[in-house]
Amino acid sequence: MADERVATLKEIARIAGVHTSTVSRVLRQSEPADGWSDAARRVREVAEELGYQRNQWAASLRTRKTNTLGVVMTRLTDGVVATTYQGIEEAAALAGYSVLLSSPPDDPEAQRRAIELLVGRQVDGLLLGGLHAPAQPFIDELSVGSIPMIAVTRHGQSGLPFVVADDVEGGALAARHLLDRGHRDVAVIAGPAHATTALDRVHGFQSGLTDLGVALRPDRVVPSTLDVDGGVRAARALLDTPDRPRAIFAVSDVMAVGVLGVARDLGLSLPDDLALVGYNDIPIVAQLPVPLTTVRSPAREIGATACRALVEAVDGQPVNTIRLPVELIVRGTT
């Protein structure tokens with residue numbers, strides 16, 4: 001019968017020629033930014049040769065940590081949200097953490113239940129995506145004890161530290177681009193009022209216009225849901241009328257796809273009859289019959305950065321608000 005004896009830290013230390021405390025420290029930490037030292041690398045090689053597996057349960061009893069992060073992300077079927085979550089998973093694995101994910105419906109009460117469930121699983125920290133603005137009262141009512149929390153993608157006006165794209169600047173980039181193309185009669189498909197991603201993009205767009213002396217008519221700002229159907233309904237309201245705008249900024253690419261469908265049905269040619277800018281740069285928009293001009297948001301980097309920040313918060317380090325840069329990608333619709 002094969003030897004099923006479990007290797008011990010003391011045995012690894014003896015073979016690697018280091019102290020037992022060194023073995024313990026090396027095997028419980030993630031790889032440093034500057035790489036493993038020769039001694040640490042030797043410890044890990046010996047541990048692997050001996051088939052050592054860390055007893056996470058015993059470790060959690062000693063440290064009061066479970067090395068598990070809780071993530072609440074609504075709308076996980078959305079490609080941008082899924083990419084953000086992928087960044088979280090990758091960064092968590094590199095840091096030696098597991099992830100417990102809950103993807104509730106996009107409403108506050110469902111999110112509250114998801115958070116309570118994860119807190120009950122004794123996660124070390126929480127990443128909260130999909131917060132509804134203004135979220136500070138919601139956050140204040142949560143019973144999470146001392147568990148650190150970080151908002152991700154939507155800051156939600158929550159009062160929490162957050163990691164998001166610089167959506168205000170992204171909206172301003174779209175405005176400046178359309179003005180540079182000579183457009184003055186512009187409109188916005190604005191998304192829902194509870195999503196601070198949408199609110200920030202609209203605010204940046206309005207500010208970008210104002211800075212260059214162009215006013216945005218109130219009737220040119222149309223709220224919508226964050227899907228293709230929302231883009232279709234808003235585009236019909238804007239375009240199926242003699243007084244249609246000359247350019248549209250849609251605060252997400254999926255809504256912009258809805259605009260393209262309505263423009264096709266109305267016989268409008270892009271960019272000759274209508275200019276269009278989207279947001280996020282999802283993979284499909286570069287492959288459309290008329291490739292979409294859009295603002296690229298670093299979804300995967302947002303998730304990874306938020307995860308690294310949460311791990312630092314779990315270790316007692318201060319967390320700063322982070323807005324990651326965005327980039328305008330000019331294609332055929334403008």
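**Exercise 1.** Working with this predicted model, find which residues of helix 1 (residues 9-16) are buried, then say what they pack against.

*Solution.* Start with the cut-off: buried means under 20% relative accessible area. In helix 1, that label goes to Glu-11, Ile-12, Ala-13 and Ala-16. Next, look at the partners: these buried residues pack against helix 2 (20-28) and helix 3 (38-49). Finally, step just past the end of helix 1, where Gly-17 has a positive phi of about 75°.

**Exercise 2.** Place Ser-158 in the fold, decide whether Ser-158 is buried or exposed, and list what Ser-158 touches beyond four places away in sequence.

*Solution.* First, the location: Ser-158 sits in the loop that runs between strand 4 (149-152) and strand 5 (162-165). Second, the accessibility: Ser-158 comes out at 2% relative accessibility, so it counts as buried. Third, the polar side: the Ser-158 side chain gets to the backbone nitrogen of Leu-160 at 3.2 Å, and the cut-off for a polar contact is within 3.5 Å. Last, leaving out residues up to four places away in sequence, Ser-158 touches Leu-131, Ala-135, Gln-136, Ile-139 and Ala-151.

**Exercise 3.** Do the same kind of check on Asp-140: which helix holds Asp-140, is Asp-140 buried or exposed, and how many Å separate Asp-140 from His-194, C-alpha to C-alpha?

*Solution.* Asp-140 belongs to helix 7 (residues 136-141). The relative accessibility of Asp-140 is 57%, and exposed means over 50%, so Asp-140 counts as exposed. As for His-194, the C-alpha to C-alpha distance from Asp-140 is 18 Å, with the two residues 54 residues apart in sequence.

Methods: Residues are numbered from 1 along each chain as its sequence is written. This is a predicted model: local features need pLDDT of at least 70, side-chain atom pairs count only at pLDDT 80 or more; totals for chains, interfaces and linings use all residues. Side-chain values use heavy atoms; hydrogens and water are left out. Helices (H or I, at least four residues) and strands (E, at least two) are DSSP runs, numbered from the N terminus. Buried means under 20% relative accessible area, exposed over 50%, partly exposed in between (1.4 Å probe, protein chains only). A polar contact is a pair of N or O atoms within 3.5 Å; within protein, one must be able to donate a hydrogen and the other to accept it, and residues adjacent in sequence count only if both atoms are side-chain atoms. Contact means heavy atoms within 4.5 Å.
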